[in-house]
Every structure is written in structure tokens, then in C-alpha cells.
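Dear colleague,

Please find the structure below, together with its sequence. My notes on helix packing and on the nonpolar cores follow it.

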Amino acid sequence: MGTRSNRVGPPPSGHAPTTLFLRYGKLYHSIAMTVELGDLASVLLEHAQDKLAIVDTDGTYVYLNAASDPILGYEPAALVGEPSAAYIHPDDRRAVADRLERVSATGASSTVRYRHATADGGWVWLESRVTNLPDAALDGYVVSSRDISDQVTAEQERRDAESRLRTIAGTVGDVLWMFDGDWSELLFVNPAYEDVFGQPVADLEADPQQFLEVVHPDDVPCVREAMDRASAGESVDVEYRVNPDAEYSHWVWVRSEPIIEDGDVVRIVGFSRDITDRRRRERQLAVMDNLLRHNLRNDMAVILGNAECIAREGDAPSRGRAEIIRNQGRDLLESADKQRDIIDLLTDRAVPEPIDLAAVVTDAVETIRERYPNATIETTLPASATATTLHEIELAVTELLENAAQHEPDGQPELSVTVSSTPETVAVVVRDNCPPIPEVEFRVLTGDWQMDDVYHTSGLGLWLVYWTVDLSGGRIAFERTENGNAITVTVPRSRS
């Protein structure tokens, strides 16, 4: 690049002084400056990664280093002598001009962001530090710029994501929140907090511990314990009562997760869901269930007592009918017990826990052997097989075995139970020598059958099996053959 009368720059080589000429607007000033620039300084200037430029007071480019080519696509010589404003995005020109004026007036350096045209017709975002020329005899600015296009894009994407999150958070009914690791600073909460907890968000922002003031006094110790567990890095699932203005009639289900960085809990995020309606339905269901079971047992006791009398005192036909009544009555009471188990399963909000399925199967097999002495049951069990499941899994395994023992037509059920593990799951396989289970029955087990007024299945036991496995995060597979049936229950393996 040759020396031009309107360009300021380092000499091509050597330490010889260079006479530089600046062009200012319509006037041409020839100002001699002696600048000692060695080879090293020249090389550093020309190979700097940032775009370095000198503009005069009119904003005309008088020098650019070689970095302008990879950043802008322009050779430095193509821009020297050009008005820099012509290459600045129209929406950004005022901001750049204001920054130049401020530097000129105060003498202090300043930084500005703007878009600069590129040779291919596009725009690149630059962050420029503007400084007055160090020589008091010269008017103009040194502009050091770096490409921040990727940074600006990332910032815009983050703002868009935050905007979408706030839009979603502002419309959902759940309370979404984020605290720091020790609950001393509230980082985020959405407006739903005020409706559920009955406390202004401003109060919570001023004192993050303030939400404990709207928790039912009897539940505060439980909540504090849950907070401590979350701060220690544990996932937390808890329910408690809030909102004194509503006489603490609001129940919330709170789920929180710690965010861990370098081994430390730095943030705790979670949600609080209003479950007042669910709690109300559960209470109603419990009342109706207790009332029904109480009345059913009392009434069945009367029925079975009279059936006993008929069986002792009646003639042969009457005794036969009495036995039918007794059998049906006992089956009905057994169904009531299973219904109780199902109600408990669906309303207790139990959480899957580590359970050794080898021990579970051992206990279930012993129970069935006592109830059905004629049954032959073979087992293939490991020393242990710990899964993450609900404790009702023993009821479910017992139900599968008993269902098979009851349906063997010759009274000689032959059953086998196998427990096996993979790195991710534990499987229990129950095989029998019974006739093929009707399609509607096994579709209850696989979750493919909807109970309706036409067919309800022969009992509640299979529904207990299905719901236990489903709520444990498991699955059920079914196979029918000419020699019997095979049911495989698969649940997650415990990580502990």
C-alpha cells in the first residue's frame, strides 16, 4: 500500500521518521510529525486482531490497519479518504456521532456499538473504543473496534428466550420461581404467586424468606426442612397449606431442583401448583370410601350370617343356594379390600423408592403357597434386585400369582417366577399353565382397555397391578401361548 497525502499510518519499514499529512474537510494542512516506529511496533499494529482506524473531525477515514479486511471485507486503501458515516447503519449514525462529540468535548475515551457495512453488502456489529488522538497538534480520533456480531446475536436470542419465558410464566397457573442456593435472594417469580400465596411479589422480592409468613404454622417446619434439603443438593417434593387470607385453605404441591456448579448449589428452581381442588376431591373420596366400606361390611355380615343359618337349617336345595350366597359375599368383601388398596394407591401420593424385588417375590410366593397348597411354584431369583417402585408392588405380584392360581381349571396350578436385571431395569416374569387370559383382561394389564358400562373386567386386581406399575414408571408386557400365559413387569432399576 503506497503512501498517500491523506493517510496517517506507520512507515513501511525501518526507523526513519515519516512525514504524515492529514486532510481536514475542505482545508489541507501539512503537519510534520516525527514518529519513531520500529519494525516490531509496525508489525504489531498491522497484525492486530482488532480493527484500528484513525478518523479526522469530519469522520473521514485517514488510516486503517490490515484487520479491516477480514472483519469488513474491505482493503484498508479502499476506505481511506471515505466518510465513515456512509458505512455506518442509518439507525446507528446518531449514536456514533454523539459519542464522537462527547469524546471531543470531554477528552475521555468512550465505547459505542453499531453496525458497519461489509464489502458483500451485509452488516457487521462492531464495538468501538473512541479516543482523542494523543498529539495535541492533531484533531481526530483513534478508533479500536472488534467484531461482536456473534455476541449480539447470542444476546438477542437470550432476550427472545427470556421474553418467551416471561410470556409463558405470565399465563400459566403454576408459580414458577428461582432462588439462589441459600434462599437469600429471589432471582425470579411469576405473577401467579400473588393469587396462590396471597402475598405481593414486592414483599417476596424485598425479603425472600417472607413467603414463610403465608405458610400454615403447622407446615412451616416441614417447609424449612425441604428448603435445607434443596440447599444441600437434594430434589424436593412437598405439599403444604398457604394463604392466611383464605384461612390457609389453599394447598400447594412444590417441586424443586438444585442447580449445581463445581460441586456447589448455586440456584434452586421449581414450581408451586395449586392442588386445592385435588385435595378436596381426595377428602370426598376418602369419606365416601369409608362410608361405603363400613356399610358394605355391616350389610354383608348380616347377609352371610343368614346364609349360615340357611345352610344349617334349610333343606338341600336351600343349602346349595346359601353356599352360593356365601361365596359371592366373600368375593364381594375381597373386592372391597382390593378397592381399598386401589384408593390408597391413588390418593396417598406415594413416591417410588428402592425396593428389593427378589425379596418381594419371595414373600408373595409364600403367601400364595399358604392360600393354594396345591400350587407348584418355581422361582429363579438373584441374591437381590433393587428397583425404584411403589411399595404396592408386592400386592401387584401377589395379585398376578393369585389370579393364575384361581384360573387353573384342574386345581393344580403350575407357576414360575423369574427376576432378572439389566443396567437400567428390573423385570419380573410370571408364567402359568392356565387357559389364555381373555383379550380384554390382558389389555387392562397393558393399559389399552378403557373401563365402560359394557365390560368392567372380572375384578379390581388387574387394575391394581396396572396402576402400581404405571405409577412406578414401569411397563407390562403380555404373551399368550397354548401352554399358558407369561406376564412381564418391568420397572426402573434403583440408582442407589
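In these notes, helix pairs with angles under 35 degrees count as roughly parallel, over 145 as roughly antiparallel, 65 to 115 as roughly perpendicular, and the rest as oblique. The model is predicted, so local features need pLDDT of at least 70 and side-chain atom pairs count only at pLDDT 80 or more, while totals for chains, interfaces and linings use all residues. Residues are numbered from 1 along each chain as its sequence is written, and side-chain values use heavy atoms, with hydrogens and water left out.

The chain has 14 helices and 19 strands, taken as DSSP runs (helices H or I, at least four residues; strands E, at least two) numbered from the N terminus. Of its 496 residues, 41% count as buried, meaning under 20% relative accessible area with a 1.4 Å probe, protein chains only.

Helix α12 (residues 393-406) takes part in two of the packings described here. Its axis and that of α14 (residues 461-471) come within 9 Å and cross at roughly 140°; axes are lines fitted to C-alpha atoms, over the stretch in contact for helices, and angles run from 0 to 180 degrees between N-to-C directions. The two helices are therefore oblique to each other. On the α12 side, the residues that meet α14 include Leu-395, Ala-396 and Leu-400, and their partners include Leu-462, Leu-464 and Val-465; contact means heavy atoms within 4.5 Å. By class, this contact has 7 nonpolar, 3 polar and 1 charged residues (nonpolar: Ala, Val, Leu, Ile, Met, Phe, Trp, Tyr, Cys and Pro; charged: Asp, Glu, Lys and Arg; polar: the others, Gly among them).

The axes of α11 (residues 357-371) and α12 also come within 9 Å, crossing at roughly 45°. That makes α11 oblique to α12. Among the residues in this contact are Leu-357, Val-361 and Ile-368 of α11, and Ile-393, Val-397 and Leu-401 of α12. They belong to a set of 9 nonpolar, 2 polar and 4 charged residues.

The largest nonpolar core (buried Ala, Val, Leu, Ile, Met, Phe, Trp, Tyr and Cys residues joined through side-chain atoms within 4.5 Å) has 34 residues, and Leu-357, Leu-401 and Val-417 have the most contacts inside it. Elements giving it two or more residues include α11, α12, α14 and β16 (414-421), and the largest share, 7 residues, comes from α12. Apart from this core lies another, of 29 residues, including Tyr-193 and Leu-212.

With kind regards

Methods
Buried < 20%, exposed > 50% of the residue type's maximum accessible area, 1.4 Å probe, protein only.
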